[in-house]
Amino acid sequence: MAMRTPLALAAAILAVGALLSFVLPEYHLRLMNLSVISAIAVIGLNFAFGYAGLISLGHAAFVGMGAYGVAILTTRYGWSPWLAMPMAIAATAVLAAVIGFPLLRLKGHYLALATLGLNVSFYIVASNWISLTGGTNGIARIPELHIAGQALPGERQFLWLGLVVLAVAAMVASILHASRYGRAMIAVRDDETAARMTGVDTTVVKISAFVLSAIYAAIAGCLFACHTRFVAPEDFTYAHSITYLAMLIVGGESSIVGAIFGSVLLTFLPEWLRFLGSAYLVFFGVLVLAILVFLPTGIVGLGRLARRPPRRPAAPAPVRVPEVGS
Amino acid sequence: MADFIQLLVSGLAIGSVYALAAIGFVIVYSATGVVNFAAGQFVMVGTFAGVAMLVDAQLPAPLAYSAALAVMALFGALFFLVVYLPLRKSSVVTIIIGTVAIGITMQNAALLTFGSWPFRLPSPVEGRTLALGGAIISTHALGVVGVTAIMVAGLWLLFNKTTVGVGMRAVAQDIQAARLMGLKVNRLLALSWILAALLAGVAGLMLGPMWFADVSMGDPIALKAFAATIIGGFGSLPGAIVGGLFVGLSEVLGASYISSAYKDLISFGIMIVFLLVRPQGVFGEKIQDRG
Amino acid sequence: MNVLEARGISKRYGGLAALSDIDLTVAKGQFVAIIGPNGAGKSTLLNVLTGLVMPDGGQVLLDGRVMTRAATYKRIRAGLGRTFQHGRTFARLTVLENVMIGAAIRRDLGEAALRDAAMAILEQTGLVAEANAAIGSLSYGRRRMVELARALACGPRILLLDEPAAGLNSGEVDQLVDRLSDLRAKRELAVVLIEHNMGMVMRLAERIFVLNFGCNIAEGTPSEIQTNPAVLSAYLGEGYVHAGV
């Protein structure tokens with residue numbers, strides 16, 4: 001009974017995805033793969049931000065850790081990708097816990113800027129630790145994935161693998177959402193003090209949400225490395241972190257379905273704006289701003305809007321005292 | 001020693017630019033609560049306003065600088081109307097994403113207009129140098145520090161000695177009370193944005209001759225301005241100045257004495273240490289541990 | 001055994017003594033009220049007892065265990081419960097889910113058992129009909145009842161209530177008094193009540209504890225307090241006599 005929603009979600013992802021995998025042209029299949037990979041990362045970000053309210057502008061760094069983990073273990077140490085992936089994910093989780101422990105005492109825009117600093121630091125290290133990461137040239141020739149001794153021959157087959165991972169990721173997220181752990185995360189975002197007063201160990205909840213989000217990011221990073229078979233620091237900048245957040249908010253924060261919609265939309269949007277030629281990024285920015293202004297609850301909010309009256313607007317951000325000449 | 005003086009001056013000059021960008025960021029944050037992630041793009045627009053007037057239109061210097069600053073003032077007002085007003089009731093994160101999105105638009109609009117080839121923005125004291133303690137110092141760099149000092153003094157006068165400035169502080173302190181006192185709150189909020197844009201414009205005009213004018217220069221400046229604000233103290237103007245100078249010095253001295261590859265890691269490393277140990281920065285207020 | 005004991009609590013904010021040398025003991029099942037003018041230090045005392053504020057001096061004991069510096073959630077798991085002055089609920093969760101957060105203090109309970117435990121609490125507090133309602137759809141008074149239910153779901157042996165009647169209409173206040181009397185009878189629950197509504201205090205409290213300027217100026221039964229000259233001058237003299245008696 002409690003499993004109905006998660007299973008339905010997984011089935012819907014597999015069905016819609018499989019259908020699309022047969023009707024879309026080859027080039028769009030590549031974008032679908034990128035959407036699926038982003039969606040996994042964004043579902044992870046939903047734990048940290050959507051549920052627990054931790055503003056992370058460093059999510060791409062964890063995607064990068066997963067991707068670099070696979071790249072380094074396979075190309076330098078000759079590991080099989082199937083062995084390298086769990087190792088990279090585990091290492092990212094440990095790093096996230098170590099980073100999260102001191103960092104998550106911060107709140108709001110302090111946490112935002114600290115995680116931004118984390119992402120920038122990751123980029124600088126990845127660009128300059130040449131002996132390990134290959135510097136700005138990145139790491140090429142990551143081996144392709146084999147299933148049952150067969151290399152995945154193309155985008156379509158990779159998409160099937162990606163869809164299975166996405167379906168499982170979404171199902172697990174949905175189960176967690178409806179559990180005591182998901183509720184505790186939401187409680188921490190709604191009112192941290194009241195959560196403590198209800199017996200919730202808010203430190204553990206925040207670190208768990210952060211580590212969980214990093215695990216999802218690392219899974220996305222592993223798939224990314226195996227899909228493009230090349231990683232470079234440029235793929236994991238803080239701009240990517242902001243894109244992940246934008247995907248979540250455009251889709252509808254705190255919603256797993258929204259995370260998927262937002263990822264697909266923002267991955268395909270540049271393609272749909274291609275008719276604008278080199279001006280497309282100008283419109284991309286304006287369009288995202290328009291969605292934020294006119295659809296504050298995201299794409300999933302469209303459906304809710306039809307059923308329920310709109311929510312009251314959030315309180316304005318606190319205003320601080322300037323200290324000019326005082 | 002001569003090397004050190006040279007590095008010191010260029011560190012202070014670049015730090016002055018960061019400080020001006022950080023001050024603009026803080027003025028907007030204090031008045032409106034908006035964490036403006038397009039702050040770096042404001043500086044980029046300032047530089048390219050200079051390119052348009054000085055290089056493209058070939059206007060004489062005084063006219064060109066005035067025209068560029070007028071463009072910046074208009075730009076600040078436009079940003080207030082098109083970005084701030086629609087987003088003003090949104091959450092912190094929505095505002096972050098919104099200002100980033102519009103920053104992407106600004107950067108690509110500049111790319112369409114000016115192309116990706118970097119420009120050389122001339123300085124009014126182009127090529128001149130001064131000898132100081134055996135070191136050859138660029139007059140432009142000294143001028144940047146001087147102009148910044150004048151700007152800071154001007155801001156102090158504005159916020160302490162003029163009705164408009166005191167009104168802006170009142171709005172920043174308590175917007176409801178300011179409204180009850182009969183202040184024209186929206187006009188003062190718009191002025192905060194215009195002031196921030198003007199400061200970014202001055203920063204951009206001074207930065208142009210030191211770096212190449214490049215449409216992608218906004219992001220690194222924004223990052224440095226953020227680091228400066230955190231180190232100095234979020235929301236504090238003296239903090240923005242000290243933080244900006246500190247980041248500029250650590251970048252230039254760090255590149256030369258420690259490692260040029262990891263020079264940026266120094267300022268961000270220090271920023272993260274500050275966040276963890278003293279999140280209120282050098283000048284910020286004590287942050288309440290709860291609530 | 002005293003379920004809660006505070007010894008010599010003091011707390012200063014800059015030059016201001018918010019609490020000086022406060023002693024408070026609450027026995028099992030006892031109903032204690034703390035009264036005093038605004039700014040007397042009542043909420044600060046609750047913050048110290050619940051670990052939101054660390055005292056400069058003194059000790060807090062729960063069931064005889066020293067918990068002066070313990071994290072809030074540990075105190076809750078040790079049998080303390082609290083509601084807030086302005087009523088704080090989790091806005092994105094339903095009424096039932098709010099209460100399930102409290103019930104989840106029992107880590108051995110599965111999802112179904114948690115739901116049952118929370119439903120039982122909703123029944124006791126008269127919230128069953130609103131179990132699946134969004135918090136935003138409730139009146140302020142009902143929201144405060146959800147907060148009380150959530151605190152009860154943690155299974156406290158002592159409950160600290162910060163002005164639970166503030167903002168409630170008279171019908172809701174009567175309902176609240178009934179619920180509290182009921183709970184005491186059924187659960188042997190000790191209660192510390194901060195309240196300006198003197199009618200409610202006199203009806204419920206066994207002992208009254210009077211704070212003024214961070215000092216304990218009187219302590220006794222309701223009839224003793226009503227006639228205490230120090231209380232009359234410090235507290236009732238300020239016009240609070242009219243406050244709901």
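Select chains A and B together, and begin where they meet: 58 residues of chain B are in contact (heavy atoms within 4.5 Å) with 50 residues of chain A. This is a predicted model, in which local features need pLDDT of at least 70 and side-chain atom pairs count only at pLDDT 80 or more, while totals for chains, interfaces and linings use all residues. Residues are numbered from 1 along each chain as its sequence is written, chains are lettered from A in the order in which they are written, and side-chain values use heavy atoms, with hydrogens and water left out.

Between them, chain B and chain A bury about 4900 Å², 73% of it on carbon and sulfur atoms; buried area is the accessible area (1.4 Å probe) that two parts lose on being put together, summed over both. Across this interface the rule finds 0 salt bridges, a salt bridge being a side-chain nitrogen of Lys or Arg within 4 Å of a carboxyl oxygen of Asp or Glu.

Next, colour the helices of chain B (DSSP runs of H or I, at least four residues): among the elements that give two or more residues to the side touching chain A are α1 (2-32), α3 (61-87) and α4 (92-114). Of these, α4(B) gives the most, with 14 residues.

Now move to chain C and select domain 1 (2-79 + 156-242) and domain 2 (89-154), whose bounds come from an automatic or database domain assignment. The area buried between these two domains is about 1300 Å², of which carbon and sulfur atoms give 60%. Finally, show Arg77(C), Arg179(C) and Arg187(C) as sticks, since these supply 32% of the area that domain 1 buries against domain 2, more than any other three residues.
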